[in-house]
Amino acid sequence: MEFLKGLHLRHERLKHAVHNGWRYPLPRWGQAMMGFVYFCVPIIGGWNIMQWAISKSHESIGEQGEKLETKQIEGIGDKRRLENGELQNVGGSGFGGGVRLAVSNESTQAQNRKQLELLFKHELKKRHQKHSRKDNKE
């Protein structure tokens with residue numbers, strides 16, 4: 001804890017020195033450059049952290065999940081496995097009994113895929129109709 005307090009105090013002294021000791025008005029291009037720097041530092045830092053996390057993920061489960069014991073979804077989204085190996089229902093049983101949790105077995109995934117494809121086709125059709133109306137008006 002003492003280390004963190006010392007680090008904080010040194011950081012405050014550095015901020016004070018930079019913002020008060022070296023301060024002089026920047027020209028417009030300097031202000032733009034500093035805005036760019038202050039914007040880019042967290043973006044680049046975040047990107048590096050994400051790359052680190054991706055590499056750690058690849059180390060632990062492989063690039064395509066090849067190191068996983070179970071490679072397919074088991075369809076037990078509404079169940080949990082107890083320590084003795086027994087499966088127990090989680091959530092309610094639907095209407096009047098609480099929330100029915102989603103189960104992700106192969107048939108549900110296929111149904112969801114079909115519904116998404118229909119939705120995307122419908123949205124694409126609406127976009128085409130909207131653009132054709134704009135073209136007809138012009």
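Accessible areas here come from the Shrake-Rupley method with a 1.4 Å probe. The structure treated in these exercises is a predicted model.

**Exercise 1. Surface and overall architecture**

Task: State how much accessible surface the chain has, and which secondary structure elements the chain contains.

Solution:
1. The accessible surface of the chain amounts to about 13,000 Å². Carbon and sulfur atoms account for 60% of that surface.
2. Of the 138 residues in the chain, 5% are buried; the cut-off for this class is a relative accessible area under 20%.
3. The secondary structure consists of 3 helices and 2 strands. Read from the N terminus, the order of elements is α-α-β-β-α.
4. Contacts between residues at least 6 apart in sequence may then be considered: 24% of them join residues at least 24 apart.

**Exercise 2. The geometry of helix α2**

Task: Determine what end-to-end span helix α2 should have at 1.5 Å a residue, and where the helix has a kink.

Solution:
1. Helix α2 covers residues 28-61, and its number of residues is 34.
2. The expected span is 1.5 Å times one less than the number of residues, which gives 50 Å for α2.
3. The C-alpha atoms at the two ends of α2 lie 49 Å apart, in agreement with the expected span.
4. A kink of about 25° is nevertheless found at Cys40, shortly before the proline Pro42.
5. After α2 comes Gly62, which has a positive phi, near 90°.

**Exercise 3. A nonpolar surface patch**

Task: Identify which residues form the nonpolar patch on the surface, and classify Val37 as buried, partly exposed or exposed.

Solution:
1. The patch is formed by Tyr24, Leu26, Trp29, Met33, Met34, Phe36, Val37, Tyr38 and Val41.
2. Together, these residues have about 1,000 Å² of accessible area.
3. Val37, one of the patch residues, is located in helix α2.
4. The relative accessibility of Val37 is 34%. Partly exposed residues fall between the cut-offs of 20% and 50%, so Val37 counts as partly exposed.
5. Membership of a patch requires over 30% relative accessible area, a condition that Val37 meets at 34%.

**Exercise 4. Salt bridges within helices**

Task: Find how many salt bridges the whole structure contains, and describe where the paired residues lie.

Solution:
1. Side chains of opposite charge can pair when their charged atoms come close. The cut-off between nitrogen and oxygen is 4 Å, and a search of the whole structure yields 3 salt bridges.
2. In helix α1 (residues 2-21), Lys15 and Glu12 are 3 residues apart, about one turn of the helix. Their closest N and O atoms are separated by 3.1 Å. Lys15 is partly exposed, at a relative accessible area of 35%, and Glu12 is likewise partly exposed, at 32%.
3. In helix α2, Lys56 and Glu59 are separated by about one helical turn because they are 3 residues apart. The closest N and O atoms of this pair are 3.7 Å apart. Lys56 has a relative accessible area of 38% and is therefore partly exposed.
4. In helix α3 (residues 106-137), Glu123 and Lys126 are 3 residues apart, so about one helical turn separates them. The closest N and O atoms lie 3.6 Å apart. Glu123 is partly exposed at 32%, and Lys126 is partly exposed at 42%.

Notes: Residues numbered from 1 in each chain as written. Predicted model: local features only at pLDDT ≥ 70, side-chain atom pairs only at ≥ 80, totals over all residues. Heavy atoms only, no water. Patch = residues over 30% accessible without salt bridge, like charges linked within 9 Å, V, L, I, M, F, W, Y side chains within 5 Å. Salt bridge = Lys/Arg side-chain N within 4 Å of Asp/Glu carboxyl O. Helix = DSSP H or I, 4+ residues; strand = E, 2+ residues; numbered from the N terminus. Buried < 20%, exposed > 50% of the residue type's maximum accessible area, 1.4 Å probe, protein only. Contact = heavy atoms within 4.5 Å. Bend = angle between axes of the 7 residues up to and from the residue.
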